[in-house]
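Please explain how this structure is held together, for a reader who has not seen it before. An account in running paragraphs would be welcome.

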Amino acid sequence: MAVATPISVTALIRLGKLRPDRVAVEVNGLIVPRAQRDTRQLNDGDSVEIVSFVQGG
Amino acid sequence: MMHTDNDGGPSITRIAGAATMDDIRTALIERHSLPVQRLLDNARVAIAGLGGLGSTVAVALARIGVGHLHLIDRDVVDMSNLNRQQYFLKDLGSPKTRALRDNLAMINPYLDVRIATVTVTDDNVTGLFADDDIICEAFDVPENKTMLVNAVLERLPHKKLVCASGMAGFGSSNTISTRRVGDNLYLCGDGRTEPSPGAGLMAPRVGIVACHEANMITRLIMQDKEA
């Protein structure tokens with residue numbers, strides 16, 4: 001998905017209509033700590049992986 | 001030898017009957033080869049959550065002789081668990097940690113199985129998993145899955161982490177996969193199917209995802225990092 005940058009991780013989660021307590025976000029292969037989601041800005045060329053979890057186990 | 005946290009665990013003599021450690025190991029080496037078995041002997045795997053995923057992962061790893069297992073869960077066995085989890089009627093009301101440890105001992109009583117009957121939180125992740133090389137996320141509640149994955153990636157980034165999402169119902173088996181989604185992070189499941197009326201969590205499909213996790217863990221033990 002292409003998005004306008006820069007954008008914070010928190011804003012990206014909201015844009016994707018995802019629940020913050022059900023995702024882990026990696027940028028360029030490294031986790032974005034939950035405490036840094038508001039401040040961490042994503043730029044052009046960043047590779048973002050959002051892993052989301054549903055119930056079941 | 002079997003390590004236990006508090007109650008001594010099952011008597012090896014009673015459970016093993018005539019089977020010695022050497023008898024079991026010889027049979028495992030015959031199946032797996034000595035070099036493979038040595039890697040399995042030395043592996044240290046934690047399983048967080050002992051439901052349909054975790055109990056099935058534990059049975060698979062115990063059968064191939066993974067040497068060090070760390071079983072973590074806070075719940076007791078309930079009748080509604082028996083549709084997919086590796087417990088028996090005799091286990092109802094027992095903590096899952098103890099019941100599973102005792103059931104694994106009926107397969108191989110000579111493994112080092114440690115148990116922790118605790119709730120996993122952000123605050124205890126570092127200490128809890130200090131001695132484990134590979135962590136299996138096997139929780140049921142999505143917020144718990146997410147907390148564990150974030151906490152491990154933030155605090156213990158060098159541990160290998162195998163997690164799961166999407167396994168309810170009886171949809172096609174072929175939508176389930178294992179993906180490497182980070183340097184040390186693997187995700188098993190179909191990624192989307194949560195329980196719904198008439199399509200709950202059932203042994204076959206949950207078991208497929210559990211064995212995806214178990215096989216990824218086995219691949220990691222064998223030093224293969226690709227999904």
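**Salt bridges within and between the chains**

In this predicted model, the side chains of B:Arg114 and B:Asp132 form a salt bridge, with N and O 3.2 Å apart. The two residues belong to distant parts of the chain, 18 residues apart: B:Arg114 lies in strand S3 (residues 112-116) of chain B, and B:Asp132 in the loop between helix H6 (125-128) and strand S4 (134-137). B:Arg114 counts as partly exposed because its relative accessibility is 26%. B:Asp132, by contrast, has a relative accessibility of 2% and therefore counts as buried.

A further salt bridge within chain B joins B:Arg180 to B:Glu226, the closest N and O atoms being 2.8 Å apart. This pair also links distant parts of the chain, 46 residues apart, with B:Arg180 in strand S6 (residues 177-180) and B:Glu226 in the segment after helix H8 (203-221). B:Arg180 is partly exposed at 28% relative accessibility, and B:Glu226 is partly exposed at 47%.

Salt bridges with shared partners also tie A:Arg19, A:Asp21, A:Arg22 and B:Glu143 into one network. Within this network, B:Glu143 and A:Arg22 approach to 2.9 Å between their closest N and O atoms. Their salt bridge crosses between chains, from helix H7 (residues 142-155) of chain B to the loop between helix H1 (9-15) and S2 of chain A. With relative accessibilities of 24% for B:Glu143 and 21% for A:Arg22, each residue counts as partly exposed.

The view can now be widened to the interface. The contact involves 20 residues from chain A and 35 residues from chain B. About 2100 Å² is buried between the two chains, and carbon and sulfur atoms give 53% of this area. Three residues, A:Arg34, A:Phe53 and A:Gly57, supply 33% of the area that chain A buries against chain B, more than any other three residues.

How many salt bridges are there between chain A and chain B? The count is five, while a search of the whole structure finds 15 over all chains. One that joins the two chains is formed by the side chains of A:Glu49 and B:Arg179, at 3.4 Å from N to O. There are also 13 residue pairs in polar contact between chain A and chain B. On the side of chain A that touches chain B, strand S2 (23-27) and strand S5 (48-52) each supply at least two residues. The residues of that side comprise eight nonpolar, five polar and seven charged.

How values were computed: Residues are numbered from 1 along each chain as its sequence is written. Chains are lettered from A and ligands numbered from 1 in the order in which they are written. This is a predicted model: local features need pLDDT of at least 70, side-chain atom pairs count only at pLDDT 80 or more; totals for chains, interfaces and linings use all residues. Side-chain values use heavy atoms; hydrogens and water are left out. Contact means heavy atoms within 4.5 Å. Buried area is the accessible area (1.4 Å probe) that two parts lose on being put together, summed over both. A salt bridge is a side-chain nitrogen of Lys or Arg within 4 Å of a carboxyl oxygen of Asp or Glu. A polar contact is a pair of N or O atoms within 3.5 Å; within protein, one must be able to donate a hydrogen and the other to accept it, and residues adjacent in sequence count only if both atoms are side-chain atoms. Helices (H or I, at least four residues) and strands (E, at least two) are DSSP runs, numbered from the N terminus. Ala, Val, Leu, Ile, Met, Phe, Trp, Tyr, Cys and Pro count as nonpolar, Asp, Glu, Lys and Arg as charged, and the others, Gly among them, as polar. Buried means under 20% relative accessible area, exposed over 50%, partly exposed in between (1.4 Å probe, protein chains only).
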